[in-house]
Amino acid sequence: SDAMQGTSGFLVLLFLAETSGFCPTSARVSLLSSVGVASCTSNSASLTPPRRLFRPATPLNTCAQLEVVSAGNELRQAQAGTLDLLVRDLGLQQEDAPFSLPLSDGLQGTVQSWTGGDVSWCSTLDIVGTAFSQSKLTVWNGPLVGVPHFRSSITLAPDSVRLLIDFCPRGDAGYEQVLPDGSFQEPDSRAMFMQRSMRTEFEELFFTEEARGWFARASSGGAPAVPRQLCEGPLKLDVTLPPTPASVAHATAACAEAARLYGGWMGAAERFGQVKSQLAFAHDCKVRAMISSAHTAELVSMFGPAGRELAAAHGGPRDITDRGSAMSNAAKDNLGAGEAGNA
């Protein structure tokens, strides 16, 4: 019948979309349901890990091709608006003139940076081309406040939109030890008791119901990516979306809301005493080294030596990661404010 022929043709197209690697399980189930076909199969690649699946609230056209140039322009405009709010609210001042570098395949990379207030380094990285576009925003806080660092990235390609947002905790709370059901093992050592106490503190200050509400909207009901490393937070969002304008709009809105959340934390942050500021910076050194190493490896694999230059510019000057001088400055600031005795 005509209906059967239409369904068969639809399934062939769906098979091709799946084998191309950008048709997520949630989209497959939704599409199959629309033609009355039940599916009990799964794509192992899209289910690793299953927590990272994007489940849109409304169906998205997963077969549409994204026009990267125009979508990239819209992405950068939206991200610039988000950045302007942070610059204004946090009192940031732009550093040197933007750093630009030609890359392979006709791409161009540009880094801009700001500092000021309790922000030790704020940087954007935009990679622009006809078939690839990426916009990163990273904000590293100074050691006198305990607010999580903020990282976001949106990557556009003809077959996908990838969204990554993370709030990096300022201490070792053991989030990477989470069990499959979302709980943690009962502590049996001093270190584990300290980690549990830190998780409780972070949940009260930052990873609140409001923050989890943001994640629910950004992930459309998905679960956070399971932290795998010390540098990852409990509300890390890492999803690959269909290549549509709706996905780009969704990603930029998620970043804007996350930035407002982060800005609110910074505005209400209490000052650390000497001990806490030194502990925070010691932890920051490890986190920044891990993220810098991973980002450098990623860009070098894509662009060779030019990628290393971009990663270095985005990561900030080396003296920011000078543990000794930063700790001395933190202690000096606290002693000057009469807070040396307050941990």
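In this predicted model, the contact between helices H7 and H8 is built from residues on both sides. Helix H7 contributes Arg 288, His 295, Thr 296, Leu 299, Val 300 and Phe 303. Helix H8 meets them with Pro 305, Ala 306, Gly 307, Arg 308, Leu 310, Ala 311, His 314 and Gly 315. Sorted by class, the contact of H7 with H8 comprises seven nonpolar, five polar and two charged residues.

The geometry of this pair can be described next. H7 covers residues 274-303 and H8 covers residues 305-315. Their axes lie 7 Å apart and form an angle of about 150°. Because angles over 145 degrees count as roughly antiparallel, H7 is roughly antiparallel to H8. The crossing in which H7 passes H8 is right-handed.

Just before H7 in the sequence comes the loop between H6 and H7, and Gly 273 has its place in that loop. Is Gly 273 buried or exposed? Its relative accessible area is 5%, and because buried means under 20%, Gly 273 counts as buried. The C-alpha atom of Gly 273 is 7.4 Å from that of Leu 144, although the two residues are 129 residues apart in sequence.

The loop between H6 and H7 also holds Arg 271, which takes part in a salt bridge. The side chain of Arg 271 meets that of Asp 118, with a distance of 2.5 Å from N to O. Which parts of the chain does this pair tie together? Asp 118 lies in the loop between strand S3 (108-116) and strand S4 (119-128), whereas Arg 271 lies in the loop between helix H6 (245-267) and H7, so the pair ties together parts that are 153 residues apart in sequence. Both partners are partly exposed: Asp 118 has a relative accessible area of 25%, and Arg 271 has one of 45%.

A salt bridge also joins Arg 162 and Asp 238, whose closest N and O atoms are 2.8 Å apart. Here the link runs between two strands: Arg 162 belongs to S7 (residues 160-168) and Asp 238 to S8 (residues 237-241), which places the partners 76 residues apart. The two residues fall into separate accessibility classes. Arg 162, at 36% relative accessibility, counts as partly exposed, whereas Asp 238, with a relative accessible area of 10%, is buried.

Helices can be linked in this way as well. Arg 217 forms a salt bridge with Glu 257, and the closest N and O atoms are 2.3 Å apart. Arg 217 is in helix H5 (residues 209-219) and Glu 257 is in helix H6, so that the pair links parts of the chain 40 residues apart. Arg 217 counts as partly exposed at 48% relative accessibility, and Glu 257 counts as partly exposed at 24%. The salt bridges described here are among the eight that the structure holds.

Finally, the chain may be considered as a whole. How many helices and strands does the chain contain? There are nine helices and eight strands. Of the 343 residues of the chain, 47% count as buried, Gly 273 and Asp 238 being examples. Among contacts between residues at least 6 apart in sequence, 64% join residues at least 24 apart. The salt bridge of Asp 118 with Arg 271 illustrates such a long separation in sequence, its partners lying in parts 153 residues apart.

Conventions: Residues numbered from 1 in each chain as written. Predicted model: local features only at pLDDT ≥ 70, side-chain atom pairs only at ≥ 80, totals over all residues. Heavy atoms only, no water. Axes fitted to C-alpha atoms, helices over the stretch in contact; angles between N-to-C directions. Helix = DSSP H or I, 4+ residues; strand = E, 2+ residues; numbered from the N terminus. Parallel < 35°, antiparallel > 145°, perpendicular 65-115°, else oblique. Left-handed = near helix turned anticlockwise from the far one by under 90°. Contact = heavy atoms within 4.5 Å. Nonpolar A, V, L, I, M, F, W, Y, C, P; charged D, E, K, R; others polar. Salt bridge = Lys/Arg side-chain N within 4 Å of Asp/Glu carboxyl O. Buried < 20%, exposed > 50% of the residue type's maximum accessible area, 1.4 Å probe, protein only.
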